[in-house]
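Colleague: Please take a close look at one part of this model and describe it in a single connected account.

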Amino acid sequence: MEVKHFSHEHPLCHAEVKEEDGFICSGCELGLSGSAYKCTFSNCDFLLHDSCFKLAPLIQHKSHPHHPLTLLPTPPYDGFGFTCEACLYFGHAFDYHCAACQFDLHVGCASLSETVKRDDHEHPLVLSFSTYIGEDKIFICDVCHGEVPESCWVYYCQGCDYGTHLDCKTIEANPEEKEEEQEAERDEEQQEAEEGTEYSVAEVESRLKLLQLQMQLAQQNAQSIIDAGRMLSRLAG
C-alpha cells in the first residue's frame with residue numbers, strides 16, 4: 001500500500017531493510033534497518049525509519065519551553081544545514097525548528113529519554129540542557145574523558161558529579177582506561193602513604209635529637225653537682 005509523507009514528493013511504501021545494506025534514513029540521517037518506508041520510484045533513494053515517518057509535526061520541548069518546535073523536512077537556512085542545540089553536530093535533513101528563536105534540534109535529540117541507567121553507575125543519569133558548572137570549570141565526560149562544551153546537553157548525576165556526552169550514555173567505559181585510572185589512584189594513595197611515612201620518620205628523628213640534648217643537659221647537671229660536692233669536701237677538710 002502506498003502512502004504519502006509531507007517531506008517527500010513521491011509516494012512511499014512499507015519495506016524491511018537489512019543493516020548490512022548500509023541505507024541511511026533521509027529524516028534523521030542515521031543508519032537504517034528493520035521496519036521502514038521507501039520511495040516507490042526506483043531511481044529515488046528516499047527512505048525513512050518507521051519512527052521518523054510517524055514523528056509529530058509539532059512538539060513542545062522542555063529545552064525550549066516558550067515556543068513549540070515545528071518539524072521541517074529540510075533546514076530553513078537557504079540551502080545550508082543547521083547546528084543542533086543539543087549535540088552541536090550539523091544536520092541537513094529533518095529539523096525541529098523554532099522560527100522565532102532560530103532554535104534547532106535533530107529529531108533524534110528531540111526524542112532523547114529524560115533519564116538513562118548505566119551499569120557502572122548506581123544512580124540514574126538525568127538529561128541536562130547545559131554543562132555549566134561554574135566559572136573557569138570544564139565539564140569532562142566520565143566515559144570518554146573528553147571535554148563537553150558548555151552549551152551541549154549531557155546525561156548527569158548531580159549527587160555524584162558524574163556525567164556523559166549524549167553519544168556516550170550507553171557506551172561502556174574503556175577497560176584499559178578504567179584500569180589506568182585505578183592504577184593512578186593506587187599510585188596516588190601509595191605516594192600519600194609514603195609522604196606520611198617520611199613525615200613520621202622526620203618527626204621521630206627530631207624527637208630523638210631533643211631527647212639526646214636533654215640527656216646531655218642532665219649529665220652536665222649531674223657533673224656540676226658532683227664537682228660542687230667535691231669542692232665543699234675540700235673546704236670542710
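Modeller: What follows is about the loop residue His106, its surroundings and the core beside it in sequence. This is a predicted model, in which local features need pLDDT of at least 70 and side-chain atom pairs count only at pLDDT 80 or more, while totals for chains, interfaces and linings use all residues. Residues are numbered from 1 along each chain as its sequence is written, and side-chain values use heavy atoms, with hydrogens and water left out.

His106 sits in the loop between strand 10 (103-105) and helix 2 (107-110); helices (H or I, at least four residues) and strands (E, at least two) are DSSP runs, numbered from the N terminus. His106 is buried, at a relative accessible area of 13%, where buried means under 20%, exposed over 50% and partly exposed in between (1.4 Å probe, protein chains only). A polar atom of the His106 side chain lies 3.1 Å from the backbone oxygen of Phe90. With neighbours within four places in sequence left aside, His106 is in contact (heavy atoms within 4.5 Å) with Phe82, Cys84, Cys87, Tyr89, Phe90 and Gly91.

Leu88 belongs to the loop between strand 7 (82-83) and strand 8 (90-91). Its phi is near 70°, a positive value in a residue other than glycine, and Leu88 is partly exposed at 32%.

Leu105 touches residues including Phe82, Cys84, Tyr96 and Trp153, not counting those up to four places away in sequence. Leu105 and Tyr96 are among the residues with the most contacts inside the largest nonpolar core, which has 48 residues; such a core is a set of buried Ala, Val, Leu, Ile, Met, Phe, Trp, Tyr and Cys residues joined through side-chain atoms within 4.5 Å. Strand 15 gives the largest share of this core, four residues.

Definitions and conventions. A polar contact is a pair of N or O atoms within 3.5 Å; within protein, one must be able to donate a hydrogen and the other to accept it, and residues adjacent in sequence count only if both atoms are side-chain atoms.
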